[in-house]
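Q: Could you take one part of this structure and go through it closely, with its neighbours, its surroundings and the criteria behind each term? I would like one connected account rather than a list.

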Amino acid sequence: MSTAHDKAVVTPKIDLPAGAEPKLSNKERMAIPRQVMPEQSAEERIYNFLEVPLGFEENVARIEALRCIKCKKPTCIDGCPVGINIPGFLEKIAEGDFEGGARVLKQDNILPAICGRVCPQEEQCEKQCIVGKKNAPVAIGRLERFLADWEREHNKVQPLVPGEPTGKKVAIVGAGPAGLTAAADLVRFGHKVVLYEALHKPGGVLVYGIPEFRLPKKIVEFEVQQLEKAGVELHNSVVIGQTITMTELQETYDAIFVATGAGLPYFMNLPGENLNGIYSANEYLTRVNLMKAYDPDSDTPVAKSKNVAVVGGGNVAMDGARTAKRLGADNVYLVYRRTRKEMPARVEEVEHAEEEGIKFFFLHSPIRYEGDAQGRVCKAICERMELGEPDASGRRRPVPTGEYVDLEVDTVIVAIGNGPNPLIPRTTEGLDTKKWGNIKAEKATGRTSLRGVWAGGDIVLGAATVILAMGAGRTAAKSIDDYLKTGDWPEVTLDG
Amino acid sequence: MTANQDAGESVLVAKEFLSSKVTKYVVRARDIARRRRPGQFVIVRSFAESERIPLTIADGDEQEGTITLIVQEVGKSTAEMAHMMRVGDRFADVLGPLGMPTHIEKVGRVIAVGGGIGIAPLHPIVQGFRKAENEVIGIIGARSRDLLIMEEEMKRACHRLRIVTDDGSYGDKGLVTDALRAEVEASGKPALCVAIGPLVMMQAVSKVTKELGIKTLVSLNPVMVDGTGMCGGCRVTVHNETKFVCVDGPEFDAHGVDFDELRRRQAFYAPQERGAYDLFLKKHPFGAEHCKVHRLVDEAQRGKEAK
Ligand SMILES: Cc1cc2nc3c(=O)[nH]c(=O)nc-3n(C[C@H](O)[C@H](O)[C@H](O)COP(=O)(O)OP(=O)(O)OC[C@H]3O[C@@H](n4cnc5c(N)ncnc54)[C@H](O)[C@@H]3O)c2cc1C
Ligand SMILES: Cc1cc2nc3c(=O)[nH]c(=O)nc-3n(C[C@H](O)[C@H](O)[C@H](O)COP(=O)(O)OP(=O)(O)OC[C@H]3O[C@@H](n4cnc5c(N)ncnc54)[C@H](O)[C@@H]3O)c2cc1C
Ligand code: SF4
Ligand code: SF4
Ligand code: FES
């Protein structure tokens, strides 16, 4: 199977009538090669923080959409966690009706410009695309992005219309994708929505974690503005549990949705891990993204690095590595204890990282760090691993070999995962949590052990994905609406 | 319930220079004033492009809805605050109260040691211990007389107060550790010692109290970013375990703290910080009025909006 990265693809010449789809047989459709999205070259982009893929031209988007054979049973939809009507919006693109396409898209996904960019499509919708069985699947994610960008850039975004006021008030804690999505739906249902966010900017991981070159911040800002225009009240720099307690919120609001994410970085507890120059990915990325440390005008510093080791194999690790490269590091090593096959990062990010010269150091894991006289890390001692039997996650378990390699590095970015932030569970009585501190919530509704309190997104699922967080926001909003209408709180079935 | 963005929130309502480098700020922050406990802190940004800096809540007035910060100018962010924030201006954000409150209970006799700017955060803790019916003996020190702050407040809060200066310009000549030894010799071992000040001072006090077998709390001040447990930048080693100061602290058992590691971590950005401070001083040699003008010019040039 070819991937999005066959650079030599040509765009066939097909007549594209205005407002209609050209008549093509399935065979003709299948003959169209998957279209490639132009992107900044690797040589160029490692010196800037601008977005890497540049978006489809209108005609290219239409041609790519023509690759869809309009399955009777569109399996692609089963692959999308929020069940977007994919053939529906593809058809609109093929017709050249981009505004109409965006309408279809937005029925199920209110943040398509974001999901189109960051969803692991090859594992979800595109994995299930029939065309992909023989050829490369339809570029569903990229077309989703195309529509959302087109709509925004052409000022065709339909404003979010608040529903008939119900007089009910809902508090949402955390302005990441889960919180923002729930806010949009709740406002549509006519409830008064107040969002509380601990940081000075809304967006959650979308603004402090995922870098500008993958997701331009102005897109997140635009989505937040839409909410504010519809009357959602946003209070930044308020930590629930500290500034205001959950109990106080319960006294003031009819319902509360907790969407506080998985913001607590894990470390490996290795000797030397607190040396200078060793960061959690969260800290490194926050300094650069949220605090703009790459800008000489910014007051927040970040280490200058020559040789960087990034520990981990997920999206977070790729983001750390590619950010370090852009900040001027000569060598960036990605140290991962399994092989490329087991890496959880999106394929596109791995390929982009590779093109940018990130050096993959598979089957290795740091065991200890050494520092110089100033206390800055100068060496990461890594142990070579072998793959053993599959573990609970189905991936083969890395087994230590007793062989060691020294990596000369002056910066280390630890990206081995994040856990739930303890602030709310710690200060809220009666809120049931799982072993690692994630809040327990009912799958079908998002309801928790506390009446009138819902939870969703990473705080429930553990570090997951944007689209799952969004889905959780919608599920909770629907359940909150039911509750506010009926006052019913049936017995809750909590999983895990 | 009011929240941060209500009219008047985050506004500087009073400002007073306590010494050449130390300024007292009274800031409207109703929710924080209502919730804060001794030992907690806030994270402040003066302007939209400023760094987020942690500052202890030195005092507060629930009725007025204000908190008091006492801040020493040591670099760009604190200089910006001292010279560019005027009464009536609004901070870009004030976040808090953060951290765990001091665990205050009746223990008997408490010796509270404050050095330099550390006297400010020590003050509410002293008040708390006194209210909990402890006997509180204060020891405060500074390099010289003009750098000593809050003497009157501490006198009122403590049952007894010893004052020392390094150069002998006021009180007894010597270090707070000298006064601490003298005090223990005179009145015996206290149930608890609380020490807040520069890192070297807290380390020195810790050494003395360890030797004398006195349980000691110190309030740590590592470099922070978010203050909510999200970045891990504030980590310290306490009894061989990594702790996040912003959520697990800021107070810890002094005898378990790896002070050397903390000192190295604090100094990590020193060259960059010095550079930023020098540039700031060069750009703003004429004090507050001019700073304001410079700032507006800067902003216009950069096309950045100040929120
Ligand atoms: C670097 C990085 C890269 C990623 N890349 C991808 C990707 O490519 N594709 C993908 O699908 N997923 C990716 N993810 C995962 C994805 O971002 C998360 O699954 C998603 O953001 C979770 O959304 P959320 O709304 O649950 O939480 P978050 O986005 O974490 O938002 C939670 C918000 O709550 C706030 N908050 C926390 N506690 C409080 C409190 N007590 N009071 C008030 N506010 C509070 C936080 O400040 C934060 O803004 C990535 C994650 C990271 C860290
Ligand atoms: C919990 C806590 C409470 C504090 N309370 C007070 C207080 O009540 N009064 C007061 O004057 N100071 C207090 N500090 C210290 C204060 O935060 C720093 O002096 C301030 O951040 C320096 O910023 P700057 O730009 O002016 O100086 P810089 O030039 O940036 O740095 C000078 C020194 O400040 C430290 N520092 C720099 N940036 C930070 C940061 N983001 N977080 C923490 N330390 C930093 C550095 O280690 C360096 O030693 C406290 C620190 C902590 C962690
Ligand atoms: S939201 Fe994600 S999974 Fe669903 S169609 Fe879009 S890209 Fe695919
Ligand atoms: S599975 Fe592929 S070809 Fe079939 S409807 Fe979905 S996108 Fe079109
Ligand atoms: S300051 Fe970020 S975790 Fe403490």
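**Strand 9 of chain B and its neighbours**

A: Strand 9 of chain B pairs with strand 10 (residues 160-165) of chain B in the parallel sense, over six bridges, where pairing requires that DSSP finds at least two bridges between two strands. Helices and strands are themselves DSSP runs, numbered from the N terminus (helices: H or I, at least four residues; strands: E, at least two). Within this pairing, Gly141(B) has Val164(B) of strand 10 as its bridge partner. The chain passes from strand 9 to strand 10 by way of helix 4 (residues 151-157) of chain B, in a right-handed β-α-β crossover; right-handed means that, with the strands pointing away from the viewer, the path from the first strand over the helix to the second runs clockwise.

The model is a predicted one, in which local features need pLDDT of at least 70 and side-chain atom pairs count only at pLDDT 80 or more, while totals for chains, interfaces and linings use all residues. Residues are numbered from 1 along each chain as its sequence is written, chains are lettered from A and ligands numbered from 1 in the order in which they are written, and side-chain values use heavy atoms, with hydrogens and water left out.

Strand 9 of chain B also pairs with strand 8 (residues 109-115) of chain B, again running parallel, through seven bridges. Here Gly141(B) stands opposite Gly115(B), and Gly141(B) is also the residue bridged to Val164(B) in strand 10. Strand 8, helix 3 (residues 119-131) and strand 9 of chain B together make a right-handed β-α-β unit.

As for its surroundings, strand 9 (residues 135-142) of chain B is mostly covered, with seven of its eight residues buried; buried means under 20% relative accessible area, exposed over 50%, and partly exposed in between (1.4 Å probe, protein chains only).

In the same chain, Cys158(B) counts as buried because its relative accessibility is 4%. Its sulfur is 12 Å from the closest cysteine sulfur, that of Cys193(B), which is too far for a bond. For comparison in chain A, the sulfur of Cys378(A) lies 13 Å from the closest cysteine sulfur, in Cys382(A), and is likewise too far for a bond, while Cys378(A) counts as partly exposed at 28% relative accessibility. Taking a disulfide as a pair of cysteine sulfur atoms within 2.5 Å, a search of the whole structure finds zero over all chains.
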